[in-house]
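Thank you all for coming; I would like to take a few minutes on one model, going from the overall picture to a hairpin and then to a loop. Please have a look at the sequence and the structure before I start.

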Amino acid sequence: MKIRMNFGTIKLVILAAVFAGVLAILGLDIAILAGAKGIIVNSVAIPVVSMIAALLVGVACGLLIFNSFYKFKEQGLLIMLGFFADKVAYDEVVMLKQNMETSELFLIVNDKSKAPVNTQIALRVNIAAVKTDEFLAEVRKHIPNITVEMFTQPKKKKKDK
């Protein structure tokens with residue numbers, strides 16, 4: 001099962017704006033290479049390099065928007081963020097923590113680094129609040145005895161001036 005990541009409206013608008021900028025740059029570079037009137041370039045290399053850079057940024061934005069998800073496999077949880085992939089084995093997951101107010105989920109996993117001390121890492125699950133129950137149900141299928149701890153974030157105290 002695959003559950004898509006949710007970046008929120010603001011981050012999605014920023015990524016879309018960057019993608020629109022990429023399209024504008026590509027259009028300008030194509031116009032320059034086609035010999036549009038009023039645009040003088042001494043070297044063809046400049047728009048070519050600009051097009052390549054814009055394509056790289058555009059592909060990265062597209063991958064972040066459309067290829068970011070959590071996938072439950074037999075071996076473990078695959079976390080895909082654009083073109084970065086990470087796997088978390090089910091036996092490495094210690095517990096889940098859920099914020100009662102925001103429905104945010106955190107996976108607490110054992111750190112597999114070669115540190116001399118055993119440590120744990122909290123991974124924030126970046127999904128929409130309406131998908132939280134679906135994610136929890138899928139985790140319970142693969143890790144039946146997982147502990148889900150509910151918490152509320154402590155309120156910040158105002159400092160007296």
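Among contacts in the protein between residues at least 6 apart in sequence, what percentage join residues at least 24 apart? The value is 50%, where contact means heavy atoms within 4.5 Å.

Before going further, I should say that this is a predicted model, in which local features need pLDDT of at least 70 and side-chain atom pairs count only at pLDDT 80 or more, while totals for chains, interfaces and linings use all residues. Residues are numbered from 1 along each chain as its sequence is written, and side-chain values use heavy atoms, with hydrogens and water left out.

Let me begin with the fold. The protein has three helices and eight strands, these being DSSP runs numbered from the N terminus, with H or I over at least four residues for a helix and E over at least two for a strand. Their order along the sequence is β-α-α-β-β-β-β-β-β-α-β. The protein is more spread out than a compact globule, because its radius of gyration is 22 Å, well over the 15 Å that the globule rule gives for 161 residues; the radius is taken over C-alpha atoms, and the rule is 2.2 Å times the number of residues to the power 0.38. The C-alpha trace spans about 70 × 55 × 35 Å along its principal axes, and buried residues account for 29% of the 161, with buried meaning under 20% relative accessible area, exposed over 50%, and partly exposed in between, for a 1.4 Å probe and protein chains only.

Now to strand 5, residues 93–99, where five of the seven residues are buried. Strand 5 pairs with strand 6 in the antiparallel sense over five bridges, and with strand 8, residues 147–151, in the parallel sense, again through five bridges; pairing here requires that DSSP finds at least two bridges between the strands. Lys 97 has Phe 106 of strand 6 as its bridge partner, and Lys 97 also stands opposite Glu 149 in strand 8. Val 93, in turn, stands opposite Val 109 in strand 6. On going further, strand 6 is joined by six bridges to strand 7, residues 120–125, with the two running antiparallel, and Phe 106 stands opposite Arg 124 there.

What is the phi of Ser 103, in the hairpin of strand 5 and strand 6? Phi is near 65 degrees, a positive value in a residue other than glycine, and the hairpin has five residues between its strands. Most residues other than glycine have a negative phi. Ser 103 is partly exposed, with a relative accessible area of 24%.

My last stop is Asn 126, in the loop between strand 7 and helix 3, the latter covering 132–142. Is Asn 126 buried or exposed? Asn 126 is buried, at a relative accessible area of 16%, and, leaving aside its neighbours within four places in sequence, Asn 126 is in contact with Arg 4, Met 5, Asn 6, Phe 7 and Tyr 70.
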